[in-house]
Amino acid sequence: MKKTGLLHTMLEGLQDTCYIWHQELRQVFKDEGVLIFCILVPLVYPLLYSWIYNNETVHEVPVVVVDNSHSYMSRDFIRRCDAAPDIKIAYYASDMDEAKTLVSRQLAQAIYFVPSDFQTRLNRMEQSTVSVYCDMSMMLAYKAAYQTAMLVSQEMNSEIQIKLSGHYTKREEQIQAKPLESEGLGIFNPSGGYGSGVLPAVLMLILQQTLVLGIGLAAGTARESHRFQDLVPIQKHFHGTFRIVFGKSLCYFMIYMLMGTWLTVIVPRIFHFPCLAHWDDLLAMMIPYTLACIFFGLTVSCLVRYRENVMLLVVFVSIPLLFLSGATWPQSSISGPWQGVSMLFPSTYGIRAYIRMNSMGGTLGDTLTEYRSLWMQVFFYFLVACLVYRHQIHLSRRHALGR
């Protein structure tokens, strides 16, 4: 009798789970908003974002020059800067007011100011300066303008040292100008580009945010149309809530295993971003990350009263989540309370694990902290989702009885 009862319970649970999965899958393809955020946005948005930053670095940044020296040395400095690949001397201004006007009109991104005593101070064996003013609204343009001026000034400094050294051989002159030879190479991002450095984190964040959006929209629609009352017969006991959560999560897990493969495997290869992760390690990490995002989305969806609210919430927290992950801002510089807040979101550990695997060539063993944290979030948010769904269906039952 016990075996028969157990078998009947298992069959009933499987039937309820499949029913919920089928209903949720129908809702995804029936609701245009859910379809856009769960399928269209993960497919199109990464392509657009990656294509915009596919050049990795900026070149030919327009610069305006204010040359008050009008000397051979100032013209040589300007000519060398113009020959560099990162900037282009686009304008010459008579004074700083004219140069600021060009920058304010977005015709130039930086100003090179050469003082009137530039060559005079050099001839007197005194230190001379060139001032660089940059538009800080574009960090890549600022980097190009500033680094070009620094490299050209260092090159001219070396030539001046060689002329004043008094040595007779080329080797002695090289040692005098550069006694310690050094070569800089950016590890894990040799091109130093924005795409290879930041876009892997953005791709993982897109997966979480679109999942939360899709689940929140579906739950908001269900709440507005009172479809939570249809789940009352299934939730006879607490294990009925398990079936509801399992059925809903199975629907999104099936969809986002495909979307996750597109975001983490195919898109980086299309745009030639670093792809150093082994497929088995990446799969082992993506399973708990996807599940954690699904259960997190189910938990958040019960806090959304109207379907429009979830869009405002997700858009508001997207940029802070990117910073809290440690991808665009050093993790060591994030204060303790904010690091505690970041632990609540699956994207924090998912982004860190993905970057260490795909960009740094790490294995699953190198990301054990993030891997275990993701599984802990899976179990935690699954239980929380069950509790909030049980409470939501209980409210729907009371509402139905009241009517």
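**Notebook: a loop alanine, a helix pair and some rings**

Started with Ala-108: at 0% relative accessibility, I have to put this residue down as buried. Worth writing at the top of the page that the model is predicted.

**Around Ala-108**

I looked up where Ala-108 sits, and the place is the loop between α4 (96-104) and β3 (110-114). Which residues does Ala-108 touch, not counting residues up to four places away in sequence? I got Pro-62, Val-63 and Val-64 on one stretch of numbering, plus Leu-102 and Val-103. I also checked Asp-135, which is 27 residues from Ala-108 in sequence. In space I find the two 8.7 Å apart, C-alpha to C-alpha.

The loop that holds Ala-108 also holds Gln-106, between α4 and β3. I noted down its phi: Gln-106 is not a glycine, yet the value is positive, about 65°. Most residues other than glycine have a negative phi, so I kept an eye out for another case. Buried, partly exposed or exposed: what is Gln-106? Partly exposed, because its relative accessibility is 47%, whereas Ala-108 is buried at 0%.

**Another positive phi**

His-272 turned up with a positive phi too, near 60°, and this residue is likewise something other than glycine. I traced His-272 to the loop between α9 (238-270) and α10. Its relative accessibility is 68%, so I list His-272 as exposed; the cut-off for that is over 50%.

**α10 against α13**

From that loop I moved on into α10. I took helix α10 (residues 279-301) with helix α13 (residues 346-359) and read off a packing angle of about 165°. Their axes are 10 Å apart. How do α10 and α13 run relative to each other? Roughly antiparallel, because angles over 145 degrees count that way. I wrote the crossing of α10 past α13 down as left-handed.

Next I listed who meets whom. On the α10 side I have Asp-281, Leu-282, Met-285, Tyr-289, Ala-292, Cys-293 and Phe-296. On the α13 side I have Pro-346, Ser-347, Gly-350, Ala-353, Tyr-354 and Met-357. Sorting the residues of this contact gave me ten nonpolar, two polar and one charged.

**Rings**

How many aromatic pairs does a search of the whole structure find? Twelve. I picked out Tyr-142 and Tyr-146: the ring centres are 5.9 Å apart and the planes make 15°, so I call the pair stacked. Both tyrosines belong to helix α6 (residues 139-165), and being four residues apart there, they are separated by about one helical turn. I checked exposure for each: Tyr-142 is partly exposed, with a relative accessible area of 27%, and Tyr-146 is partly exposed as well, at 38%.

I then followed ring pairs elsewhere and got a cluster that links Phe-242, Phe-246, Phe-295 and Phe-382.

**Whole chain**

Last, I took the totals. I have 14 helices and four strands for the chain. The chain has 403 residues, and 44% of them count as buried, with Ala-108 among the buried ones. I also looked at contacts between residues at least 6 apart in sequence: 80% of these join residues at least 24 apart.

Notes:
Residues are numbered from 1 along each chain as its sequence is written. This is a predicted model: local features need pLDDT of at least 70, side-chain atom pairs count only at pLDDT 80 or more; totals for chains, interfaces and linings use all residues. Side-chain values use heavy atoms; hydrogens and water are left out. Axes are lines fitted to C-alpha atoms, for helices over the stretch in contact, and angles run from 0 to 180 degrees between N-to-C directions. Helices (H or I, at least four residues) and strands (E, at least two) are DSSP runs, numbered from the N terminus. Angles under 35 degrees count as roughly parallel, over 145 as roughly antiparallel, 65 to 115 as roughly perpendicular and the rest as oblique. A crossing is left-handed if the near helix is turned anticlockwise from the far one by less than a right angle, and right-handed if clockwise. Contact means heavy atoms within 4.5 Å. Ala, Val, Leu, Ile, Met, Phe, Trp, Tyr, Cys and Pro count as nonpolar, Asp, Glu, Lys and Arg as charged, and the others, Gly among them, as polar. Buried means under 20% relative accessible area, exposed over 50%, partly exposed in between (1.4 Å probe, protein chains only). Rings of Phe, Tyr and Trp (its six-membered ring) pair if their centres lie within 6.5 Å; planes under 30 degrees apart count as stacked, over 60 as edge-to-face and the rest as tilted.
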